[in-house]
Amino acid sequence: TLSPVVGVPQGVSVFLDGVRINEPDAQELNFDLIPMEAVTSASLIRGPATLFGKNTLAGALLLTTERGDTTPHASATIEDGAFGFRSATATASGVAPALGGIDGYIMGRASNERGWRDATQARSRMLFANIGKKTDASDVTLTAMYAHDAAFLAGSLPESWITADPQANYTDGDFFEPELLHLALRGERALSLGAIRANLFFRRNNVQQFNANIDAPSTRAFVDNRSAGGTVEWSVPTHIGNHDLALTLGSEYSRNDVAYHIFDEKTSAAADLPTDCDQMSGLCDKVHVPEDDASLYAQGMLAVSSKLSLTVAARADYVRIPFRDLRDPSNDGTSVFRQMSPRIGATYQLDARTSAYASVGTGFRPPAALELACADEHAPCALPSALGDDPPLEPVTVRSYEVGLSREFAHEARFGVSAYRTDVRDEIVFVASSVTAGFFQNIPRTRRQGIEITGEAGLGAGFTLDASYNYLNSTYESTVALASELAGNVVHPGDKFPLSPDNQASFSIQNTRAFRTSVLHAQLSIRGVSSQFLRGDEANRERQLPGYATTDARLEWQAHEFTLSGYVTNLLDRSYDTFGVFGENPKGPLGGTPPAAPTPERFLTPAYPRALTVSLAIHM
């Protein structure tokens, strides 16, 4: 999984120009802090990717940003959309010959929105810049980014509330406010033998988060994520006998400092704060986690013949995570993890248009700082609200197998199919002992296996078609009792993971027409997801969240001086739910009388309704 939600088991590493941007506190990814307007390409490396280190269990997503162009240009874009959405983006790019050929790219964006649910206003601000210089033998780039967002949030609603008012907000006042500074220096230089690449980086993301509760104290958390480090990598072409060998050797080091300051706040004058909190300030936790990560890795790609190539890779990781409780040093503790992760793969070219591949790989994810601090079933956390040096967690290890076949046809048609299986040991999951609290726990064995089919084709007259289908069977392979609002939540081998649909499919048809001085592009996309169990029903005994399908449409007119586009999400205005969890509802029915003894019920997250966004870009 790859998610901005703390507590979701993360398994994809994301790199921006070679720098890992998963946050160190829980390895989550804040999508709104990615400079997508500056991203020129994205590559997904499937499966446990040995070269990309810890947490790369399902794959690595590599994002590359824009550099200054030899032809100077600039653009300004304004957007207007549903529910008070307004945004503006400006970019400029060029090369300065007078400064020795230094190139530069800068992007700034700002947005505000009212939000479609009650009390969900948000704002976003970002400034991004690349400054670099290329020569025939070298390339160096300095990247700087600053972002500051603030978003008021609405969580899941009792099922009865959605029927009455899907725009309602169960607990007004929840908000998330990150402030990011990202600096990176990267370079590459050709040597007599191969090339050497290196980067240095510093990231600081200060986050303030507030979680409003009803019958428990609300929490205000200040989380300071700081990361610094670098990577050095040497690639060299060589030979083994008459066979070409591409060899890569590298090392990586990073220091992640995470500091937590967590306060409880009374929800009523009569309510008391927990006795272990400072009764004057409300400070409950003051924690520092200075983590050290170091690794060595190697990869060789051998051309066995004109049709067969082999790839062998291995990585050694060392992770040290000290936990320092600055209010109660008796909670201090240190966890150390060491892991060797090998991988082997083969690609065979059956003919000029058909290739097949197979791979076996391993991956490793040590517990994140937050997971280690919230792993006691007797002291569940309302993330993040109550941290301590809890019982130790084991690192997650995976072994993944994949085989696939791809075929190219005439008229730009392509087809691919792959089958995969990943066996997981000691997966770390967050189990909710109540709707507002839970803890992290190891599951001895779990499994993901499935089939993915993709295809694309040109249909003539400017039409192209893309389609994909994925069958994924995610199951527990151990018998484990998991905390839940539902009694007797015991999973057995073969029970399915919650919020993991078996079937997902997408379909897109588009048409591009070129005119004398402009281009018109139209696209219609459909995405479907099958039913899934709710969180808290890991034993698979309750009715599932129904499957759904949604349709999006885009129409874009591009001329030399401007681009005008319109984008509609949820074109048919379908009502469906994207998330579900079991919890108690102390408020009772919407506008009704709170129950004396709440019972567990379904909490669901309604999907975004139909929304139109119109964009105008001026090119200079």
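## A walk through the model

Let's start at a loop: alanine 119 sits in the stretch between β7 (102-113) and β8 (122-134). Keep in mind that what you're looking at is a predicted model. Alanine 119 catches the eye for its backbone, with a phi near 55°, a positive value in a residue other than glycine. For a bit of background, most residues other than glycine have a negative phi. As for its surroundings, alanine 119 has a relative accessible area of 32%. Since buried means under 20% and exposed means over 50%, alanine 119 therefore counts as partly exposed.

Now follow the chain to a set of paired strands. Strand β15 (residues 283-303) runs antiparallel to strand β16 (residues 308-325), and 14 bridges join the two. They make a hairpin, with four residues between β15 and β16. If you'd like a spot to look at, find tyrosine 297: its bridge partner in β16 is arginine 315. On we go to strand β17 (residues 333-351), which pairs with β16 over 16 bridges, again in the antiparallel sense. Here you can pick out aspartate 317, whose bridge partner in β17 is glutamine 339.

While you're in this part of the chain, look for sulfur. The structure holds one disulfide, and it is formed by cysteine 277 and cysteine 284, with their sulfur atoms 1.9 Å apart. Turn the link between cysteine 277 and cysteine 284 around and you'll find 105° about the S-S bond, which is right-handed. Both cysteine 277 and cysteine 284 are buried.

Further along comes another loop, the one between β28 (562-569) and β29 (577-584), and aspartate 573 has its place there. Aspartate 573 also has a positive phi, near 55°, in a residue other than glycine. With a relative accessible area of 35%, aspartate 573 is partly exposed.

Last stop: the surface. A nonpolar patch there has about 990 Å² of accessible area together, and its members include Ile78, Phe515, Trp557, Leu564 and Met620. Which elements give two or more residues to this nonpolar patch? They are β27 (548-559) and β31 (611-619). The largest share comes from β31, with four residues. One residue of the patch is Val614, and valine 614 lies in strand β31. How accessible is valine 614? Its relative accessibility is 37%, so valine 614 counts as partly exposed. A residue needs over 30% relative accessible area to join a patch, and valine 614, at 37%, has that.

Notes:
Residues numbered from 1 in each chain as written. Predicted model: local features only at pLDDT ≥ 70, side-chain atom pairs only at ≥ 80, totals over all residues. Heavy atoms only, no water. Patch = residues over 30% accessible without salt bridge, like charges linked within 9 Å, V, L, I, M, F, W, Y side chains within 5 Å. Areas by Shrake-Rupley, 256 points an atom, 1.4 Å probe, with all protein chains shown as cover. Salt bridge = Lys/Arg side-chain N within 4 Å of Asp/Glu carboxyl O. Buried < 20%, exposed > 50% of the residue type's maximum accessible area, 1.4 Å probe, protein only. Disulfide = S-S within 2.5 Å. Pairing = 2+ DSSP bridges.
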